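Q: Let us look at this structure together and ask what lies behind each label used for it. Short answers, please.

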Amino acid sequence: MTMDATSSVCNLAILESLDENLIGEILESWNGFCFTTESLLKGNGDLSFGSEFESHAQTLCKHGLESLVQEHFLRSLENTFEKNGASKFWRHFDPYSNVAVLDIDKDPIDEVEVQHVLCKALEELSLEKEYQEKYLLMLVHALQSFKDKESEGRQSSEAERVRLFSKYQLIMASVLMATLPRHFPDVLHWYFKGKLEELSSIMSRVCEDDNESQDKDDMDLDERSKLPCRTGDMDIDGCHHQRRFLENHKLVKNIGMVVRDLRSLGFTSMAEDAYASAIFMLLKAKVHDLAGDDFRSSVLESIKGWIQAVPLQFLYALLAYLGDSVNYDSPLSGLRSPLASYPSSCYPGMGVPSEGLVRWQLRLEYFAYETLQDLRIAKLFEIVVDYPDSSPAIEDLKQCLEYTGQHSKLVDSFISALRYRLLTAGASTYDILHQYISTIKALRTIDPAGIFLEAVGEPIREYLKGRKDTIKCIVTMLTDGTSGDPNGAGSTGDSLLEELNREEENQENTDDDDINTDDKQAWINAQRWEPDPAEADPLKGSRHRRKVDILGMIVGIIGSKDQLVNEYRVMLAEKLLNKSDYDIDSEIRTLELLKIHFGESSMQRCEIMLNDLIDSKRTNTNIKATINQPSQSGAELRDQGVSLDILNATIISSNFWPPIQDEALNIPGPMEQLLSDYGKRFTEIKTPRKLLWKKSLGTVKLELQFEDRALQFTVTPIHASIIMQFQDQPSWTSKNLAAAIGIPVDVLNRRIIFWISKGILADSLGVDTNDHTYTMVDAMVDAGKTGVNSGSCEELLVGDEDGERSVASVEDQLRKEMTVYEKFITGMLTNFGSTALDRIHNTLKMFCVADPPYDKSLQQLQSFLSGLVAEEKLELRDGMYILKKS
Amino acid sequence: MIYYLFDIPFSLLGNQFSLNLLSCQLLLDQLTEWHAVASWTWDAQDETCGICRMAFDGCCPDCKLPGDDCPLIWGACNHAFHLHCILKWVNSQTPQAHCPMCRREWQFKG
Ligand SMILES: [Zn+2]
Ligand SMILES: [Zn+2]
Ligand SMILES: [Zn+2]
């Protein structure tokens, strides 16, 4: 409360010229003034002291004590306001003082009650303020009539009025501020929250109505167009919109009044904070509600729509309402809100609210983007698992990130999700690879340049490098669409290579301009978040520069394409050797695709392998059509039910195939005879070439006939040879059987498990504990055991089932070649302690220059070392290899 | 299942041995296919071609496919070469070519 400088100077001059009479008069007037003031303020609208009050005030003014009169009156108002207004006002909110300390989000408050209490409190306070303003106006009148007598200008007295009222406003606001309880902002928050929710539900109802009427409109369209005049319809529409407007307007007006009251009490920013926080909370809830865990539809547009429909509409109405009010408000109008005499409005004109509204829109949308983005990032792992069904969610996330630029959040969160949920011992290599590929596919939408995909992929790649079956899984996934995924999830029967190829073709067909803009966008984005100088070099800016190369990223795990091709060759060999038909259409297709990506020369050997199959088919037909008609043995064979019809052969150019694991085997005599006939005929046709049979390789289809059913099997020649020995003799010791078939006993014991597991043979230990006796299981027991299967069934024996393969795996080959260095590595680790992969590699390169020279790649060494780790010879700790202490 | 075990086997018990015999005799009749694997090789004395030093079972440097597409040929001296290799050699040695191995006058074996 500052004193007016000029009036205090006046006072001093007057005081000097006072005589006793005057002092008596002044004292009397002062006492009278004080008394009437007190009576007025206590009187609650009783104005009977009015004239007395006025004359005392004027007397005092006459003596130049105008400022004293004002000061005293204002102070009295302040005291009264503090007692009757403020403290009573706050008391309304006492019940919420304890709840307020609780978490707001829990929201244990009855919002309707809060609304009621707040309105009632504001009403009471406004009544009090109304009275006080009336008294203040009386003082103003008193002073004014005094000044009129002194013939001062009316203008200055109007200014005086404004000054006094604003002073009063300030006093009142300070009193409220000084006594503000801590929980009041929370009360406001609940109030606005409740009101906004009300508004939101009204709006959603209106939207539904709109949709309904929309439907109706569509239906009526034909009939309506026949009508010459459409005013009727227009009216209905108009009414509808008016109703909606009124309904909202009433609610908004209600809120607007509260806001205006709060502003007039000096709570402008507190009110704004309260409705802002309520709006944001509601928006957050809305985003969570709309987004949920459904990744298969885009929600961004409906969120934006909701922002337009609810909070922005509310703010528009509110700002417009508050802005308009300036025009028709007079201090005592009291019609709308008596407290709102001097709104400190920041939106005086209509143009300004729209600018404020734009700011609000930006704020709200940013908040929505960020909320949705955080929500999606937290669930990115699931979203990627669900890809491509989840691509709408990815598209939303992309837009959010473009707006917020918080890509690093995604990278950090996703990497930790990967570490926690995917890169664990329990996850199969196939699962990890699938997730890796889904990750690439999903994230390249967001990140066409693949810059932070690089960061996200890094831990997956590192983890996969430590797994032994990674290469095999990768090659299988790339080339085999049917058995690539043992879980069957996401396998469409298409190999990954097939899929990538189709994708590429589609891309080539799309407009070049599209690609350009894509790239441009990629470049812009790349600059916006994590500029990587090495990668984002604009000089490298060819058109295809920044496409995410899925194949490249997968080959990157393996290390080199040569390793991939090698692995494929082994797998192809295995597959071809197990074929009993010559159908290689899908292998040819795969080879063509591999040639596109890895070059023709890399695939040369595989091409020859496939060519062998084609040649074999031709030669096979040829031989069987022209073979010399029945030799004596032929007739003999037919007696035994074996004819050349059952023999087919795959003839390979062994120089171009991976090392074949052929074991010696005595196949049944008649078969042996057939092979020799076949070989002779081959030499006749292809002289001077001859055949070298690999008797343990190939497939045999046979049928075991029992009384009530036939069982069909597809087995290896060893299995066939074993079971066929039992036709002459129903029981064999393992030693004798092994000798008859010409294979080692341990191999026999391992292979025969197949027949035992099928219930065809039984294993009983003989007198000699080292010797097993195998007996044909009789039909009766067998029928009881697998009675459900009775009838015919086909049993298929795949190569891996018992871990026997026709082709030496790449690992086996490598292992054989690397064993030479095992001693050296052990010695190195003994001397050096823990040693990193690089160092082992370099040391080997340096010292093993002969006998044989060390020529392996880092990846090959790593794969060999991880084998030693698996055998528990070494240990891998923090990227360092150490000897395992036994 | 239990009924099945009790009811049926009893009647079959006496025939157990003959049943086995039956199934065994049918075994070979029911061998429906034997798909064998062989590798081919040239019936030559050497392993590699004396001209290109590549394996006979491989192919000459000009060929992509071994076997029929890149055959071997024998000279009267009984030395074998890739057909393509010896043809090139013979064409470069005018008027008379000699076997690169034994220096005898080159004649294709009839
Ligand atoms: Zn040659
Ligand atoms: Zn050739
Ligand atoms: Zn010669």
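Q: What order do the elements of chain B run in, from the N terminus on?
A: In this predicted model, the order is α-α-β-β-β-α. The tally for chain B is three helices and three strands.

Q: What makes B:C77 a donor of the zinc ion (ligand 3)?
A: Distance. A donor is an N, O or S atom within 2.8 Å of the metal. The SG atom of B:C77 coordinates this zinc ion, along with B:H79 (ND1), B:C99 (SG) and B:C102 (SG), at 2.0 to 2.4 Å. That range lies within the 2.8 Å limit, so these atoms count as donors.

Q: Why is the site of the zinc ion (ligand 3) called tetrahedral?
A: Four donors earn that name if all angles lie between 85 and 135 degrees. Here the angles among the four donor atoms are 105 to 115°. They fall between those limits, so the site is tetrahedral.

Q: What spacing do the donors of the zinc ion (ligand 3) follow along the chain?
A: The pattern is C-x1-H-x19-C-x2-C. One pair links distant parts of the chain: B:H79 and B:C99 are 20 residues apart. B:H79 sits in the loop between β2 (72–74) and β3 (80–82), while B:C99 lies in the segment after α3 (83–92) of chain B.

Q: Why is B:C99 called buried?
A: Buried means under 20% relative accessible area. B:C99 has 0%, so the label is buried.

Q: Why is B:H79 called partly exposed?
A: The label covers values between the buried limit of 20% and the exposed limit of 50%. B:H79 has a relative accessible area of 21%, so it is partly exposed.

Q: Which residues are the protein donors of the zinc ion (ligand 1)?
A: They are B:C49 (SG), B:C52 (SG), B:H82 (ND1) and B:C85 (SG), at 2.1 to 2.3 Å from the ion. Their spacing in sequence is C-x2-C-x29-H-x2-C. Within this set, B:C49 and B:H82 link distant parts of the chain, 33 residues apart. B:C49 is in the loop between β1 (31–42) and β2, and B:H82 is in strand β3. Both B:C49 and B:H82 are buried.

Q: How do you know that the arrangement around the zinc ion (ligand 1) is tetrahedral?
A: The four donor atoms subtend angles of 96 to 121°. The limits are 85 and 135 degrees, so the arrangement counts as tetrahedral.

Q: How much of chain B is buried?
A: Buried residues make up 41% of its 110 residues.

Note on methods. Residues are numbered from 1 along each chain as its sequence is written. Chains are lettered from A and ligands numbered from 1 in the order in which they are written. This is a predicted model: local features need pLDDT of at least 70, side-chain atom pairs count only at pLDDT 80 or more; totals for chains, interfaces and linings use all residues. Side-chain values use heavy atoms; hydrogens and water are left out. Donors are N, O and S atoms within 2.8 Å of the metal (3.2 Å for Na, K and Ca); water is not among the atoms, so sites may look incomplete. Four donors count as tetrahedral if all angles lie between 85 and 135 degrees; four count as square planar and six as octahedral if opposite donors are over 155 degrees apart and all others between 65 and 115; anything else is irregular. Helices (H or I, at least four residues) and strands (E, at least two) are DSSP runs, numbered from the N terminus. Buried means under 20% relative accessible area, exposed over 50%, partly exposed in between (1.4 Å probe, protein chains only).
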